[in-house]
Amino acid sequence: MSSVISPTPDGVDQYFWDGVARKQLLLQKCAACQALRQPPAPMCPECNALEWDTQEAGGRATVYSWIQSHHPTEPDAAPRIIAVLDLEEGVRFVCNLVEIDLADVSFGMDVELCWATYPSMTQEADQILPQFRPVSGDK
Amino acid sequence: MERNLCDQAAIVGIGQTEFSKNSGRSELQLAAEASYAAIKDAGLTPADIDGMATFTLDSSDELLLMRALGIQEVNYWSRAPFGGAGANTTVMQAVAAVASGAAKHVLIWRAFNERSGHRFGQPQDPGTTVGWNWYLPFGLDTPAKIYSLTFQRYMDRFGYTNEDFGHYTVVARDHAATNPAAWFYERPITIEDHQNSRWIVEPILRLLDCCQESDGGVAMILTTPERARDLPKPPVLVRAITDCQLIHGHVMFNYYQDDLARYEENYRAAERLYGLSGLRPEDMDVATLYENFSPIVFMQLEGFGFCKEGEARDFIREGHIGLNGTIPLNPHGGLLGEAYIHGVNNILEGVRQIRGEAANQIADAEHALVAGGRGGMILGKG
């Protein structure tokens with residue numbers, strides 16, 4: 001199994017990685033105008049409010065673009081599929097696709113959230129990551 | 001009338017080291033050698049320099065470079081953020097400095113051991129930069145991968161294949177083959193060579209779609225058009241210049257705008273450049289376009305209006321970007337053929353073309369478009 005780089009959370013994205021540890025995909029939501037923003041920001045670009053909350057993503061998305069790398073992070077690591085996803089909530093999210101062959105990925109295909117635990121290249125503890133897989137019956 | 005930076009500054013000196021894969025000396029020394037060559041080319045002495053600009057990523061300290069060169073007093077500093085887009089930004093900062101009177105003669109340099117030292121093409125160091133947590137854990141850690149997620153949408157929109165991109169590489173290597181300063185001097189390739197090179201990101205980028213990793217330094221000197229007239233080399237006017245970054249962008253991409261198949265920053269930069277200068281794509285005699293990867297050339301040929309959206313493949317196949325074409329492109333070989341000095345070497349080629357001293361000189365070049373996607377400039381005779 002590939003090992004992965006663990007994130008180094010800062011004041012802006014700590015909530016996200018805390019959520020990941022509980023296997024929750026959290027999106028930042030403006031407390032004033034309710035706009036979702038991913039990646040997060042300390043101020044809402046729509047209304048400039050500082051107050052924010054989180055909303056748990058429903059876990060469904062469609063594939064916008066994807067690649068498989070032949071220049072993996074570690075020379076011996078199994079190549080991973082990396083995709084730009086359109087989450088059903090209307091924000092983009094970069095993630096991996098699993099349980100699918102590269103040749104079977106298509107534009108706009110429906111995928112669903114799942115979770116995986118990988119050895120980490122940068123910390124002793126394993127790393128939990130959100131992943132997406134074809135929607136059951138859609139593979 | 002609205003004020004702008006058109007025709008407010010001239011590039012009066014250029015200098016460079018050799019381009020290699022292992023310079024054998026410090027980045028500060030490369031910076032000093034290139035800078036001194038540019039100062040001499042301008043007919044100035046180090047004591048004439050009172051402004052300095054480079055990239056935030058450049059490792060050379062301004063004060064150490066001053067001391068090495070013998071620059072006595074500097075009154076203006078600036079550094080440009082980001083990667084290759086910073087090449088255009090340094091010039092814009094220097095233009096603004098001399099136009100406003102903040103400085104008289106601004107030195108721009110960029111020097112690195114980007115092959116024998118830190119290689120940009122390798123995976124991003126873990127945990128170094130705020131904002132990378134959204135990409136590094138998922139394995140999105142090299143420029144080739146990062147750009148390919150955009151290129152894939154572009155290829156799909158217009159039905160382009162990797163082989164189509166290879167036809168740009170063949171042209172770039174043809175041009176480099178007759179430029180003695182190019183790393184790939186006298187080493188042209190065929191489309192078969194391109195197609196036989198290994199995949200970097202299948203099915204988007206092969207090895208020969210990627211720019212080089214190079215060691216070397218380049219530098220230039222800017223001053224006002226009035227002062228330029230008293231200097232020995234034919235002045236090269238910055239006819240117009242602009243940067244363009246849009247909301248939601250990241251250093252190498254903007255996955256968060258609607259349509260990744262359209263290089264929106266590029267279209268906006270083009271609109272501004274042509275609007276400011278009153279010039280049109282057909283007024284350009286030569287162009288140098290930043291190409292970290294070959295597909296970005298196709299997007300820019302369309303974005304800067306040399307052909308219509310989706311027509312870059314046929315435009316290149318029909319020979320329009322060759323030395324005898326309608327818009328000779330990267331006559332020095334570009335970042336694929338000459339060297340990767342963060343795109344600043346592309347600006348130097350624009351200067352040489354307008355002066356009439358390029359290795360692959362385009363006859364009577366009056367205007368050069370020198371651009372890097374998220375910004376660009378038009379150079380012209382002073």
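Student: How much area do chain B and chain A bury between them?

Tutor: About 3200 Å², with 62% of it on carbon and sulfur atoms. Keep in mind that this is a predicted model. On the chain B side, Asn133(B), Trp134(B) and Phe138(B) supply 27% of the area buried against chain A, more than any other three residues.

Student: What makes a residue count as in contact here?

Tutor: The cut-off is heavy atoms within 4.5 Å. By that rule, 34 residues of chain B are in contact with 38 residues of chain A.

Student: How many salt bridges does the rule find across the interface of chain B and chain A?

Tutor: Zero. To count, a side-chain nitrogen of Lys or Arg would have to be within 4 Å of a carboxyl oxygen of Asp or Glu. Polar contacts are another story: the rule finds 12 residue pairs across that interface, both residues at pLDDT 80 or more.

Student: Which helix or strand gives the most to the side of chain B that touches chain A?

Tutor: That's H4(B), with six residues. Helix H4 (143–158) and strand S5 (199–202) of chain B each supply at least two residues. Sorted by kind, the residues on that side of chain B are 19 nonpolar, eight polar and seven charged.

Student: How do you know that S4 of chain A and S5(B) pair?

Tutor: Pairing takes at least two bridges between the strands. Strand S4 (residues 60–69) of chain A and S5(B) have two, in the antiparallel sense, so they meet the cut-off. One of the bridges joins Ser69(A) to Val201(B).

Student: Why is the sheet of S2, S1 and S3 in chain A said to have edges?

Tutor: The three strands form an open antiparallel sheet in the order S2-S1-S3. Strand S2 (36–37) and strand S3 (52–56) of chain A each have a single partner strand, so one side of each is left without a neighbour in the sheet. Strand S1 (residues 26–30) of chain A pairs with S3(A) over five bridges, and Lys29(A) has Asp53(A) as its bridge partner.

Student: What lies across S1 and S3 of chain A?

Tutor: Helix H1 (residues 14–21) of chain A, running at about 145° to S1(A).

Student: What makes Gln34(A) stand out?

Tutor: Its phi is positive, about 70°, although Gln34(A) is not a glycine. Most residues other than glycine have a negative phi. Gln34(A) lies in the loop between S1 and S2 of chain A.

Student: Which omega goes with the cis peptide bond from Gln38(A) to Pro39(A)?

Tutor: The omega is near 0°, and Pro39(A) is in the loop between S2 and S3 of chain A. In chain B, the bond from Glu202(B) to Pro203(B) is cis, with omega near 5°.

Conventions
Residues are numbered from 1 along each chain as its sequence is written. Chains are lettered from A and ligands numbered from 1 in the order in which they are written. Side-chain values use heavy atoms; hydrogens and water are left out. Helices (H or I, at least four residues) and strands (E, at least two) are DSSP runs, numbered from the N terminus. Axes are lines fitted to C-alpha atoms, for helices over the stretch in contact, and angles run from 0 to 180 degrees between N-to-C directions. Buried area is the accessible area (1.4 Å probe) that two parts lose on being put together, summed over both. A polar contact is a pair of N or O atoms within 3.5 Å; within protein, one must be able to donate a hydrogen and the other to accept it, and residues adjacent in sequence count only if both atoms are side-chain atoms. Ala, Val, Leu, Ile, Met, Phe, Trp, Tyr, Cys and Pro count as nonpolar, Asp, Glu, Lys and Arg as charged, and the others, Gly among them, as polar.
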